[in-house]
Amino acid sequence: MIARITRRPRKKRIVILGGGFGGVYAAIHLEKLLARERAVEICLVSRDNFFLFTPMLHEIAASDLEVTNIVNPLRKLLRSVEVVVGDVNEIDLPNKRVSISHGYRKRSLQIDYDQLVIALGSITNFYDLPGFAEMALTMKSLPDAIQLRAQIIRHLEEANSECNPTDRQSLLTFIVVGGGFAGVETVAALNDFVREALPFYPNLCEGMLRVLLVHSGPVILPELGESLGRYTQEVLARRGVEVRLNTRVKSMTEDHVSLAHHLPIPCRTLVWTAGTVPSPLISSLCCAKEQGRIVVNQFLRVPDWPDVWAVGDCAFVPDIRNPGKSHPPTAQHAIREGKVVAQNIAAVLLGHRLKPFSFRTIGLLASIGRRTGVARIFGFNFSGFFAWWMWRTIYLSKLPGLDKKVRVAFDWTLDLLFPKDVCAVYDVDHDRDRHASDHASGSNGDYQATALALMHPSTEYHLDANRSTDQQPTPLPSIAAKK
């Protein structure tokens, strides 16, 4: 008797590049939509093994929240998705292959795909201004918030024992560049934190502090309209923040910041929130781009590449309600784009009709410190305590994970009762890891020196998307090395 062996159909691999809002929510919805499709596997490539809830990032810098309370492990959020932690080095669209490096030894790994979602986000844009890439701090990642908090405390410690008035002034001057949401929330949180910390330093007083917000436009928070922008300026000014409008920065040295048409300001801490640019990998792709972002159609598909999709900050998503315009690169848009791209990929695999992306901004909110906020919801303006309460309520509801919600709510409750901590427990050697290759490759930059010390000649790996399912599945990081 001859046994007949029937070969199972090949698995289709969906690869998602990026662990931000667009990429993670695309993976979450794909996992739900294709839960019963055993012939499909989903792979998420992320530089971190966690999802960072960036709207609360400034609260980490201001010691309002514990570091791990706004991050969720990807393997906990995505039970059926294969998570690969590494940096994307190359996207080979003609050969449908992605090259990444992973681990401390930065081993090379190649992943074939049938459907690709590009959600690589953006990096900080310093516009080639002298000194900023080397010395300015940013607010894009968890290490950025940790480093800002550590630097504030370190400078308070140094200023408390400093006798030279000029050096003390540079240590106690903090400048935030950019009057958008990130800049305003950062300067408000920083101002509250440093002023509440002063009582612990007997040789310092509020008169020695100087906190500035520098904005190139005529009003801060332009997305919320002039009235709320003016209100925010007045609130910040009452709390000791100098708001410089229609002002641009020119250069930065170790202890001075130069503004256009102004004398240099003694300062050793500058936070840059004034611009972003899509991931450098996007420029190398052979597809249409607009404003440096990948052009997609109304279905979030890349023209001329039917198996490639793009969402989030790196995608130029057309607004079908306003021809010629695109959707803004915000978190609420990225979340909806992730859901729609998941539905469309599932539709392609299952033979269903594609769904066009269309979404109107529901509202915009900002926390401006001391239980005060500003908000524009469905065209209506709110300010003061009620807007701050809405900010916390809405973002708490959006934070993934019930355990994280409880922890954040508990931290906020304790913050009402006790003063902020000024322990520099997360301090690191700022000369070693100051943005080490962060802005060039999009990596976190943390423990970069350790990674470089352990680096060995790379070993190439290859993952075949056409692997038949009658073979035993092998975890991605442990594929045997090619000879």
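Two strands count as paired here if DSSP finds at least two bridges between them. With that in hand, let's walk through this predicted model.

**The chain as a whole**

The protein chain carries 15 helices and 28 strands. Of its 483 residues, 52% are buried. Take the contacts between residues at least 6 apart in sequence: 68% of them link residues at least 24 apart. As for the outside, the accessible surface is about 22,900 Å², and carbon and sulfur atoms own 53% of that.

**A five-stranded open sheet**

One sheet to look at is open and has five strands, in the order β11-β18-β12-β13-β14, paired in parallel. The edges belong to β11 (137–138) and β14 (241–244); each has a single partner strand, so one side of each has no neighbour in the sheet.

Zoom in on the β14 end. Strand β13, residues 210–214, runs parallel to β14 and is joined to β14 by four bridges. In that pairing, Leu212 sits opposite Glu242 of β14. Now add a helix: α7 (residues 181–197) lies across β12 (173–177), β13, β14 and β18 (269–272). Against β13, helix α7 runs at about 180°.

**Strand β9 and its two partners**

Over to β9, residues 115–118. Is this strand covered or left open on its faces? Covered, on both: Gln115 and Val117 are buried on one side, and Leu116 and Ile118 are buried on the other.

On the pairing side, β9 has parallel links to β1 (residues 12–17), through four bridges, and to β23 (residues 305–310), through three. Some residue-level landmarks help here: Ile14 stands opposite Gln115 in β9, while Leu116 of β9 faces Val308 in β23.

Here are the three parallel pairings with their bridge counts.

| Strand pair | Residues of the partner strand | Bridges |
|---|---|---|
| β13 and β14 | β13: residues 210–214 | four bridges |
| β1 and β9 | β1: residues 12–17 | four bridges |
| β9 and β23 | β23: residues 305–310 | three bridges |

**A nonpolar patch on the surface**

Finally, have a look at the outside again. Which residues make the nonpolar surface patch of about 530 Å²? The contributors are Phe410, Leu414, Leu416, Leu417 and Phe418. Phe410 belongs to helix α12, which spans residues 402–417.

Definitions and conventions:
Residues numbered from 1 in each chain as written. Predicted model: local features only at pLDDT ≥ 70, side-chain atom pairs only at ≥ 80, totals over all residues. Heavy atoms only, no water. Patch = residues over 30% accessible without salt bridge, like charges linked within 9 Å, V, L, I, M, F, W, Y side chains within 5 Å. Areas by Shrake-Rupley, 256 points an atom, 1.4 Å probe, with all protein chains shown as cover. Salt bridge = Lys/Arg side-chain N within 4 Å of Asp/Glu carboxyl O. Helix = DSSP H or I, 4+ residues; strand = E, 2+ residues; numbered from the N terminus. Contact = heavy atoms within 4.5 Å. Axes fitted to C-alpha atoms, helices over the stretch in contact; angles between N-to-C directions. Buried < 20%, exposed > 50% of the residue type's maximum accessible area, 1.4 Å probe, protein only.
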